[in-house]
Number of protein chains: 4
Amino acid sequence: MIIVMNPHAEQAAVDRVVKEIERMGAQAHLSQGKFRTVIGAVGEEGNIDGSHLASLDGVEKVVPIMKPYKLASREFHEDDSVVEIGGPSVPKVKVGGKHAVSIAGPCAVENEEMLNKIARHVRDGGATVLRGGAFKPRTSPYSFQGHGETALKWMRACGDELGMPICTEVMDTRQVELIERYTDSFQIGARNMQNFDLLREVGKTRKPVLLKRGLAATVKDWLLSAEYILSQGNRGVILCERGIKTFEDSVRYTLDITSIPVAKQWTHLPIIIDPSHAAGKRDLVPAIAMAGLAAGAHGTIIEVHYCPSEAQCDGPQALLPETFKELMGQLRQVAAILGKEFADAAELTSA
Amino acid sequence: MIIVMNPHAEQAAVDRVVKEIERMGAQAHLSQGKFRTVIGAVGEEGNIDGSHLASLDGVEKVVPIMKPYKLASREFHEDDSVVEIGGPSVPKVKVGGKHAVSIAGPCAVENEEMLNKIARHVRDGGATVLRGGAFKPRTSPYSFQGHGETALKWMRACGDELGMPICTEVMDTRQVELIERYTDSFQIGARNMQNFDLLREVGKTRKPVLLKRGLAATVKDWLLSAEYILSQGNRGVILCERGIKTFEDSVRYTLDITSIPVAKQWTHLPIIIDPSHAAGKRDLVPAIAMAGLAAGAHGTIIEVHYCPSEAQCDGPQALLPETFKELMGQLRQVAAILGKEFADAAELTSA
Amino acid sequence: MIIVMNPHAEQAAVDRVVKEIERMGAQAHLSQGKFRTVIGAVGEEGNIDGSHLASLDGVEKVVPIMKPYKLASREFHEDDSVVEIGGPSVPKVKVGGKHAVSIAGPCAVENEEMLNKIARHVRDGGATVLRGGAFKPRTSPYSFQGHGETALKWMRACGDELGMPICTEVMDTRQVELIERYTDSFQIGARNMQNFDLLREVGKTRKPVLLKRGLAATVKDWLLSAEYILSQGNRGVILCERGIKTFEDSVRYTLDITSIPVAKQWTHLPIIIDPSHAAGKRDLVPAIAMAGLAAGAHGTIIEVHYCPSEAQCDGPQALLPETFKELMGQLRQVAAILGKEFADAAELTSA
Amino acid sequence: MIIVMNPHAEQAAVDRVVKEIERMGAQAHLSQGKFRTVIGAVGEEGNIDGSHLASLDGVEKVVPIMKPYKLASREFHEDDSVVEIGGPSVPKVKVGGKHAVSIAGPCAVENEEMLNKIARHVRDGGATVLRGGAFKPRTSPYSFQGHGETALKWMRACGDELGMPICTEVMDTRQVELIERYTDSFQIGARNMQNFDLLREVGKTRKPVLLKRGLAATVKDWLLSAEYILSQGNRGVILCERGIKTFEDSVRYTLDITSIPVAKQWTHLPIIIDPSHAAGKRDLVPAIAMAGLAAGAHGTIIEVHYCPSEAQCDGPQALLPETFKELMGQLRQVAAILGKEFADAAELTSA
């Protein structure tokens, strides 16, 4: 950690900082320039309380040198982690390293028939994990909030029948136990990325967690949230970039494509992208999905909905099944350029 | 709601939109320009599913006209709401309308002695509500997470002794019942502003809720979160602006001063500001607090810490007691210019 | 244009708005809901002064329906534009539609030998247009500002010798004439995207203009700046996405990948990406470049620098020649998936 | 400057960095921790090329310690600068230190009669400097672009008659000489904050420059732009905060209130705020203006327009004269709390 003193900091202030650094079990290295004194605190950075040092008189700023997360870091685990989604009743699907994953399904699980229909479509299109919302986070209290446990049962049955592991969102610590009984993997939504109690609870389970990036979270914040889960013993964290809030108003969120190579430098965890929620518009989904794969992502999570002419269609961002299938064909080609491969749905099930 | 069609939308697409609007119980008004067709959907906007309309073929965009919240809106409740914090064992403090509030105290409750010392300091400085964290949200799983129920007991005892209602953060639905037993008001942190289950749970209590604005939330999103609480029957919502994420890196968050007059136009709920968390630096707190009051806020929540020369001081953003007292003097003058008044701590207690 | 009135707007205010709309030569369509009156202004939107309407009493907001640009829009020119860079002394390189371009070279032109060396490297790697800065925009007045006309001469000679059209930045209206004499295409930097006098001056020339997106510009703002150039008669505008300012601090700018499909829906102009300036770090450039092509961009502009072991190397974002060549191989593959093709440097020259 | 090496950086890489630092005339201080090597470069920071160091093998990041601007810094000039606007034909108005300024007038100068009318109104309301646009930056090429020199003549005559110095925007290096002949002070708009040639040109004049903050500029970027002007010998720079681009869409720009105390810590230059352009809506202007003064700004620049019932009114953000006058009364009270004072228009003229 580097402590930069104010230009006019007095010797007493410098001495105080040095004393505090030593009290924390670290060594202080002074570097006195013409205008400023800079102090290096050398030691186990986790033991040095930077916020305390920043509060001392005469300190201008404190610059951390080490990353604040450990288990999530490349230093801790050099090779790419490969996370497996799937359980006793369904095949296991690998995510990470050279394994790309295609997770797809409806946004919310509206009813059983629709779910089954869409699930067959996405499986046919090349998806190997089925997504679907049983509990839905909605910005308005007056919007549909999901079918809860009933929807979980439909999903479990559907996944088992088709040989697809399932993935569903958890929003409340009180739901963890219930959802764990049904699902093969949890999803933590962007708005809950810093719901620390929830992170801890899913960290205590042994099912993989798809951790969406918060709308105002830096890559560093995101990895700290992953660390919460990892620190409880659950090593199955998959990062999911789904866009951040910016001033651009032509889309709902700005997908931060650069977060993919940045995250891959900093962490061994797999990272996928969610083009559907970022774009908010069906037309933009294929271009964003392609970009994500090309930037090095380990797969996609995409909303798909079959929309018959007389029925209600579920939202402007869901791809039609035929578009999804076509897109998967292109995504496989991009993956191949980069030495990655999507699991084949047919092979998985027969295995 | 206004539905704007694509330039090349066919008649069949227009007809479909009209049919869907009518199916929702609203009336469709067509306006055919040279280049585009625009359709107005007139009726109870809550019944019109804009997201469904946006997903139809040929629709370019959907522009909502009505605000998506009701109970929080000025249309629903024209005059400023006045929320009272306080209970049977302590005086009630009013917030809203012409009543400004000063909430102050330590960030985390470290130990009982420190809490009591700081509480006396802030009361002496002019604060009438005591803040303090028993459960702490921390971006790193390795940071101090708070003393929990023990800290709640210290706070209750301290508030009762000094005649100050207390305010403390709730982070998890499972904590609501426990915290409700001790506190006079809940605080929902910025990272939980869209933790919808938590909003519902505090909405079921009858204690006021200080709802901090999320780091990536628009004013509209914020009022929708307030609506979650209000819709459960709890009318004691106090908004708290504490900064948003922007590219500016000289401070932690950019306090959005304009959100104050904007929120006051849209809602009857009181709004206060938290200059401490926005700035992240002690030196900047007074200027931001002054700005907030001058922009029309109904008060401030400020971190204060007494930092004896041999002890550990709690973070770079806490004001020293003497600075807090001086600031309160200036805040009273600004409040007076705008016809507002801070409650007087001495009078409250004697009441 | 849609004018939404306040909930309590009086009839006189509504009448005034209607009168003003008619005064502007448009028709007013009233739609009176239970809570609000909404007025549609139907007519040539360019003649309707929305800002004036927004200033009238009782008006809550004004929602434009038409895009504010014309010549840049898909409505005006439905097919992709193909822009040609090159002149009498060098081959012409096509950009747009199915033609992808690779522009590469050093950031600043430091000296003639270095320029020639790098130019050969990038040509060998597959670039067909040579970039290089003669006049450099620098955030600090104390940084190197470029070699000016001397550098332009070196570039012209180098381009002619290698059969590569050149591209260089113009920063000041007073430089347009000088630079036009040497260059095959202008570059307008992000910080000058709304330097309207400069846009007009390059619009008066007949050389293509690479228009970088401003750091705080929406896609709409960007197309309005393109419109400035187009409206002067210069139809050779190439858009260049190079990142926007966001809160994420692991890179200099956040490349907005979604701007590519959005811009392609709204405009016929070609769009390329600049991964070098967005990332600010060499390691991230290939992933971002790949993402840009996969999202549908018509090419890249990349900084390359040969960095001999004893010499000064020019900035952390320049790719080494061998990395550039390898990247070009992968970019060609991505382009092929999407039906695009990069020009071949060898063929161009022999032509 | 601090150079942080990668965890796996080899000794040769460290040696190379040390060698380069010494080549630049600085000293290298090594600090070898358990995980990383950190190198301090001690010497005149202006001579150390951080960007070059960042490009070397094994370097993770470079952290500058010194501010990159000199003449603008508090280190260079400890006391508040006081800038005087005004010339031989009009009184001089002081800005900075304890002197607050009120600049007001129309957005664009539409015609002479309107200008004179508004000028009298703002003078009567308490403004002492008259603003007005002769050359207008417009995002659309089809909008009104200003009356140019004719408007400058009207402004000069009006300012002379009323005893008010004038302020007008310059957009192009070619206009500097012309505008300098008429005006008492230049305004550089937000979109030109990094138009470096323009900064240099106004830096060569001896008339004060109101430098608006760019929409995507950090406070540091802003001070670097001020440095461009100062470095040419013009010491009359006045900073003007007018809002930055953020995701919040209820206003045009988010006024960054915290930039005021931050700028005041870093620089001796006066800083004022422009609430009109930030808000974009008349109703929000007073609250923002009050906040700016309360945060420590040295004044305001506000658009005012007299809007007779039958005439065209110029934009939704202009205050009516009576509101302006009332606001000035409140601003004087806020200024007094902080020990500042607005010049009195009447006294100035009689002087």
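Domain bounds here come from an automatic or database domain assignment. With that in hand, we can start on this predicted model. In chain A the assignment gives domain 1, covering 2-63, and domain 2, covering 83-350. Taken over C-alpha atoms, the centres of domain 1 of chain A and domain 2 of chain A are 44 Å apart.

Now for how the chains sit together, beginning with chains C and A. Their contact draws on 35 residues from chain C and 35 residues from chain A. On the chain C side, four helices each chip in at least two residues: α8 (259-266), α9 (275-279), α10 (285-294) and α11 (321-337). The largest share of that side, six residues, belongs to α10(C). Sort the side of chain C that touches chain A by class and you get 22 nonpolar, nine polar and four charged residues.

What operation takes chain C onto chain A? A turn of 180° with a shift of 0.0 Å along the axis does it, leaving an RMSD of 0.0 Å. That is how a two-fold axis relates its copies. Among the residues of chain C, C:A291 comes closest to the rotation axis, with its C-alpha at 2.0 Å. Both copies use the same surface here, since 100% of the contact residues of chain C recur in chain A.

Chains D and C are the next pair to look at. Chain D superposes on chain C by a rotation of 180° with 0.0 Å of shift along its axis, at an RMSD of 0.1 Å. In chain D, the C-alpha nearest this axis is that of D:A216, at 2.6 Å. Of the interface residues of chain D, 100% are also interface residues in chain C, so these copies meet through the same surface.

Finally, zoom in on one helix of chain C, α4 (residues 149-162). Its 14 residues should span 20 Å at 1.5 Å a residue, and the end C-alpha atoms are indeed 20 Å apart, so the two agree. Which residues of α4(C) are buried? They are C:A151, C:L152, C:W154, C:M155, C:C158, C:G159 and C:L162. These residues cover an arc of only 160° around the axis, which means they lie on the same side of α4(C). The general background is simple: an α-helix has 3.6 residues a turn, so residues three or four places apart point the same way. The cover over the buried residues of α4(C) includes α3 (112-125), β8 (129-131), β9 (166-169) and α5 (176-182) of chain C. Right after α4(C) comes C:G163, which has a positive phi, near 70°.

Note on methods
Residues numbered from 1 in each chain as written. Chains lettered and ligands numbered in written order. Predicted model: local features only at pLDDT ≥ 70, side-chain atom pairs only at ≥ 80, totals over all residues. Contact = placed C-beta atoms within 7 Å. Nonpolar A, V, L, I, M, F, W, Y, C, P; charged D, E, K, R; others polar. Least-squares fit on C-alpha atoms with pLDDT ≥ 70 in both. Expected span 1.5 Å × (residues − 1). Buried ≥ 20, exposed ≤ 12 C-beta atoms within 10 Å, placed from the backbone. Arc of directions from axis to C-beta.
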